[in-house]
Amino acid sequence: MITGFQLIEQEICQRIQDELDKIGIHYRIFSRSKDEKSILEKVDRKAKEGRPYEKDGKLIQDIIGIRVVTYFRDDVNLVKTILSRIITFKEEEIDNLELTVFKPKRTNIICSFNDSQNKTFSEVQQSSEKEYYDVLDSTFELQLRTILSEGWHEIDHSLRYKCKNDWEGHYDNERLLNGIYASLETNDIALKNLFNELAYKHFKSKNWEGLLRNKFRLRFQLVPLKEEIVTLFNEDIEIGKELFKMDRETSLMKLYDIDLSLPVNMNNLVFLLNSLIIKNKKILKITPDVILEEIK
């Protein structure tokens, strides 16, 4: 049986997927709604810690949890920017990196339900006789992670956060666990740099598909780059240079903002970025009218 909370969860996930799929970001989305056992466990744990949930005080804000896991580190901020356009962020818990401390960086955001979700939440709350419904907030938690850090966060949440007593006095072990995360963070940075370096090599060898694929790292359809585009790139290497030098996040946000429903392939990417940023006249001449009209 699908509960009211699960209906809200499905609606939020679908909305997130619809937005991120517009520009073809590589990601995975995970979600869950707390069941009664999980809620009661959390209420009991917080009471023992001396931080009880109360009807007129602190409320449970993660009755629904959504996690968006990106393949690349720089997509975390991109996803956050996109979702801030469609979701109301209520509270943000984003850690600052410390140079001398091994510590994971959290990007956890408490978000408000929209009007229809609030209506569903109120109906569920009013129809229930369970006392713990009084300490549930009309919010959900959004977590943003990279795919390399996802496994670490799962282990940390289950085997450290929920059982802090096991770690008391064992600082060397705790530092080592954080050190494992630090190595994963280093690998996240190395992964992005690797693809940037590969994009540059493809630029130098005039492999334009390789340049586009590794520079922008999107879920491109398997459609080859048009021969007329390849010819123009070969004739004027400055076009490829401009594409390589583009700030990826800024250019992808420009594509998102025009809200044009087009397949994510390399040809459309070239036409759009040229129309928005480069403005090469020869490429504009072969750009489909539907793109030019939308840009206007």
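A residue counts as buried when its relative accessible area is under 20%. Keep that cut-off in mind, as it comes up again and again below. Take Cys111: with a relative accessible area of 0%, this residue is buried. One more thing before the tour: the model you are looking at is predicted.

## The whole chain

Let's start with the big picture. The chain has 296 residues, and 44% of them count as buried. Its C-alpha trace spans about 70 × 50 × 30 Å along the principal axes. If you count the secondary structure, you get 13 helices and 5 strands. Contacts also reach a long way along the sequence: of those between residues at least 6 apart, 72% join residues at least 24 apart.

## Two cysteines that don't pair

Back to Cys111, and to another cysteine, Cys13. A disulfide is a covalent bond between the sulfur atoms of two cysteines. How many disulfides does the count come to? It comes to 0 disulfides. Cys13 is in none, and the nearest cysteine sulfur to its own, that of Cys111, is 12 Å away. Why is there no bond between Cys111 and Cys13? Because the two sulfurs are 12 Å apart, which is too far for a bond, given that a disulfide needs them within 2.5 Å. Cys13 is buried too, with a relative accessible area of 8%.

## The nonpolar cores

Now for the inside. The largest nonpolar core has 67 residues, and the members that touch the most others are Ile16, Leu20, Val68, Leu83, Phe140, Leu142 and Phe216. Helix α11, residues 266-278, gives the most to this core, namely 7 residues. Apart from the largest core lies another one of 5 residues, including Trp152, Trp167, Leu177 and Tyr181.

Which residues does Ile16 contact, leaving aside neighbours within four places in sequence? They are Ile29, Ile66, Val68, Leu83, Ile87 and Leu142.

Leu83 also belongs to helix α3, where it is one of the buried residues. This helix runs over residues 74-84, and since 8 of its 11 residues are buried, it is largely enclosed by the rest of the structure. Besides Leu83, the buried residues of α3 include Asp74, Asp75 and Lys80, alongside Val76, Leu78, Val79 and Ile82.

## Two residues up close

Thr107 sits in strand β4. Is Thr107 buried or exposed? Its relative accessible area is 6%, so Thr107 is buried. Leaving aside neighbours within four places in sequence, Thr107 is in contact with two residues you have just met in α3, Val76 and Lys80. Its other contacts are Glu93, Ile94, Leu142, Gln143, Leu144 and Arg145.

His202 has its place in helix α6, residues 171-204. With a relative accessible area of 18%, His202 is buried as well. How far apart in space are His202 and Gly169? C-alpha to C-alpha they are 52 Å apart, with their positions 33 residues apart in sequence. Not counting residues up to four places away in sequence, His202 touches Asn207, Gly210, Leu211 and Asn214.

## A pocket and a cavity

The structure also has empty space to explore. There is 1 cavity of 30 Å³ or more, and there are pockets too, the largest of which has a volume of about 1300 Å³. Here are the two spaces in a table.

| Space | Volume | Lining residues closest to the centre |
|---|---|---|
| Largest pocket | about 1300 Å³ | Asn108, Glu141, Gln143, His157 and Tyr161 |
| Largest cavity | about 180 Å³ | Lys22, Ile23, Leu255, Val264 and Leu272 |

In all, 44 residues line the largest pocket. By class, 10 are nonpolar, 9 are polar and 25 are charged. Which element gives the largest share of this lining? That is α5, with 7 residues. Among the elements that each supply at least two residues are β1 (27-33), α2 (36-48), β4 (107-112) and β5 (139-146).

The lining of the largest cavity has 16 residues. Here the classes come to 12 nonpolar, 2 polar and 2 charged residues. Two elements give two or more residues to this lining: α10 (248-258) and α11. You have met α11 before, as the helix that gives the most to the largest core.

Technical notes. Residues are numbered from 1 along each chain as its sequence is written. This is a predicted model: local features need pLDDT of at least 70, side-chain atom pairs count only at pLDDT 80 or more; totals for chains, interfaces and linings use all residues. Side-chain values use heavy atoms; hydrogens and water are left out. Buried means under 20% relative accessible area, exposed over 50%, partly exposed in between (1.4 Å probe, protein chains only). A nonpolar core is a set of buried Ala, Val, Leu, Ile, Met, Phe, Trp, Tyr and Cys residues joined through side-chain atoms within 4.5 Å. Contact means heavy atoms within 4.5 Å. On a 1 Å grid over the protein atoms alone, a cavity is a set of points where a 1.4 Å probe fits but cannot get out, and a pocket is an open set with protein on both sides within 12 Å along at least five of seven lines; lining residues have an atom within 4 Å of a point. Grid points are joined across faces, edges and corners, and a volume is the space filled by probe spheres set on the points. Ala, Val, Leu, Ile, Met, Phe, Trp, Tyr, Cys and Pro count as nonpolar, Asp, Glu, Lys and Arg as charged, and the others, Gly among them, as polar.
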